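Ready to poke around inside a protein? Grab a pencil, look at the structure, and try each exercise before you read its solution.

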Amino acid sequence: MSDIKHYIAPTTLEQALETLALGRVTILSGGTDLTPQVSVGRRHFEDTLMNIRRIEGLSQISMQGDEIRIGGSATVSDIRYHDLIMKYAPLLCETASHFASEQIRNAASIGGNICNASPAGDMIIPLLVLGASVELASWTKGVVQTRRIPLDEFFTGPGKTLRNSNELLAAVIFKKPSADFVGFFRKSGPRPALEISTVSLGIGGEMKEGKFQHVRVAMGAVGPTPLRGRQTEAALEGQKLTRTIIDHAVLAAQQDASPIDDIRATKWYRNHLVAVFTEELLYNVCQN
Amino acid sequence: MSVKTKLNFTLNSRPVNIEVPVDMTVLNLFRDFLDLKGTKYACGEGECGACTIEVDGKTINSCLMMAVDLQDRDVLTIEGLQKGNMLHPMQQAFVDHGAVQCGFCMPGMIIQANYLVKQNPSLTREEMKRGLEGNICRCTGYTKVLDAVAAVVGLKG
Ligand SMILES: Cc1cc2nc3c(=O)[nH]c(=O)nc-3n(C[C@H](O)[C@H](O)[C@H](O)COP(=O)(O)OP(=O)(O)OC[C@H]3O[C@@H](n4cnc5c(N)ncnc54)[C@H](O)[C@@H]3O)c2cc1C
Ligand code: FES
Ligand code: FES
């Protein structure tokens, strides 16, 4: 394990970004990914350990114009019980309730879940369904600069993202879903709790006059990154959810997924789960 | 060795001022430096809940939390529940219902159960099960644990 030479717990975003700009910084949020990764030697600390949980406002959840903004250090518990999220994006609360255990949810942050960039990161799936973007902040030319990247472009591989080392994930932002929006999430593992998803799936869209529109489908643990199910979306867009359409969507979902065999499950089983979950979630949409 | 930093926080209603290496976990600090061995080490990776403590009113796995993050926080461990010779009602309920066998999981289980009841004094049995999902017990089979928590909720309701 490498030695940490400096520890800092900034209280303002500016301070944090100035520290990041100096380089060789490990960002610490809830530590639920970082601590075990360091202790098994999969990760090493950089010279500076920066605790971002004391940054004023970074865990805030708010509505700004027609957008909902979740601060990077908001915890899974913060999201699960937040009035705004329960009202406008209950899909996120549902996902949060299937996340790890109460103790982990109380520590785990949304920024950590996204930046850890696991193909099985649970909160990423509903955020993809909601069409979210990440806001990255950096200290450039003496001021705070921000840029937005759509979440479906953010991941480049397992544990890899477009975030530069001088950038902090300040927030994740999505447009307030319309009143016709329905969305569902399903994950699988051998136990209900404390389970890294074998497969996770999210489907959402607007149900208008019996037709499913602006459909987004997202899948976890069936590829090198969490992914959008573009062929499934195409099979569903603007359609009435008839038996035939659902059958098409199930086939398309298996085309979208490219799972592998690993210690948690075989490729065959993952494909099977994708099919079952697609059908199940579409059934939920019909029932809604 | 990693650099050390000064740390001030409240532990079971008493102030603590100490210097800690910045890469130390809370569990490590409590057990090996403060000699508070009530909080247990089992998996060390967030799976079992034996190390559960309450920080600023929320329970977390102390094996995953960095000690430096305790700065200015208020911590409750199993040692802080008992008042003098009087067991805390949650501890007493566990005793009365025979909910303890080897006892290893119990400090975490009781801290978690106490937190759940504080959050929601009219907790249902189903909610207790969900709330205790992160606490693994290899002895009791959980039924008596749930009976004990239910008794505390019943007393309050
Ligand atoms: C027992 C157990 C069960 C789990 N169950 C689940 C589960 O069911 N579903 C699931 O998805 N995950 C699960 N996890 C994984 C983990 O809890 C989540 O990924 C969590 O959201 C990580 O957040 P954190 O705040 O703890 O991140 P940390 O561990 O603090 O950080 C994770 C990574 O992100 C970086 N980082 C953190 N915040 C930022 C930021 N704002 N900007 C830039 N970089 C940042 C850190 O440097 C680090 O590399 C589980 C973990 C454990 C130990
Ligand atoms: S020792 Fe911390 S959860 Fe098992
Ligand atoms: S009483 Fe033995 S592990 Fe729970």
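Here are three exercises on a predicted model, each with a worked solution.

**Exercise 1.** Work out which residues come nearest to ligand 1, and which chains surround the ligand.

*Solution.*
Step 1: Start with the neighbours. There are 35 residues around ligand 1, and the nearest are Ile27(A), Thr32(A), Asp33(A), Arg43(A) and Ser109(A).

Step 2: Check the chain letters. The residues surrounding ligand 1 come from chains A and B, so the two chains share this site.

Step 3: Look for polar atoms facing the ligand's oxygens. A polar side-chain atom of Arg43(A) sits 2.5 Å from an oxygen atom of ligand 1. Ile27(A) uses a backbone N or O atom instead, 2.6 Å from an oxygen of the ligand. Asp122(A) also brings in a backbone N or O atom, at 2.8 Å from a ligand oxygen.

Step 4: Ask how covered the ligand is. On its own, ligand 1 exposes 990 Å², and the protein buries 95% of that.

**Exercise 2.** Find which element gives the most residues to the shell around ligand 1, then sort the shell by class.

*Solution.*
Step 1: List the contributors from chain A. Strand S2 (25-28), helix H6 (102-107), helix H7 (110-116) and strand S10 (168-175) each supply at least two residues of the shell.

Step 2: Pick the top one. That's H7(A), with five residues.

Step 3: Sort by class. The shell has 16 nonpolar, eleven polar and eight charged residues.

**Exercise 3.** Describe the second largest pocket and the largest cavity: how much space does each have, and what lines it?

*Solution.*
Step 1: Take the pocket. The second largest pocket holds about 380 Å³ of space. It is lined by 18 residues, and closest to its centre are Arg53(A), Thr75(A), Asn106(A), Lys58(B) and Arg73(B). H6 of chain A and strand S4 (58-61) of chain B are the elements giving two or more residues to this lining. By class, the pocket lining splits into seven nonpolar, five polar and six charged residues.

Step 2: Move to the cavity. The structure has one cavity of 30 Å³ or more, and the largest cavity has a volume of about 50 Å³. Among the residues lining the largest cavity are Thr32(A), Arg53(A), Gln103(A), Ile60(B) and Met65(B).

Step 3: Name the elements. H6 of chain A and S4 of chain B each give two or more residues to the cavity lining, and H6(A) gives the most, with three.

Step 4: Finish with the classes. The cavity lining has five nonpolar residues, four polar and one charged.

Technical notes. Residues are numbered from 1 along each chain as its sequence is written. Chains are lettered from A and ligands numbered from 1 in the order in which they are written. This is a predicted model: local features need pLDDT of at least 70, side-chain atom pairs count only at pLDDT 80 or more; totals for chains, interfaces and linings use all residues. Side-chain values use heavy atoms; hydrogens and water are left out. A residue is near a molecule or strand if one of its heavy atoms lies within 4 Å of it. A polar contact is a pair of N or O atoms within 3.5 Å; within protein, one must be able to donate a hydrogen and the other to accept it, and residues adjacent in sequence count only if both atoms are side-chain atoms. Accessible areas come from the Shrake-Rupley method with a 1.4 Å probe; for residues, only the protein chains shown count as cover. Helices (H or I, at least four residues) and strands (E, at least two) are DSSP runs, numbered from the N terminus. Ala, Val, Leu, Ile, Met, Phe, Trp, Tyr, Cys and Pro count as nonpolar, Asp, Glu, Lys and Arg as charged, and the others, Gly among them, as polar. On a 1 Å grid over the protein atoms alone, a cavity is a set of points where a 1.4 Å probe fits but cannot get out, and a pocket is an open set with protein on both sides within 12 Å along at least five of seven lines; lining residues have an atom within 4 Å of a point. Grid points are joined across faces, edges and corners, and a volume is the space filled by probe spheres set on the points.
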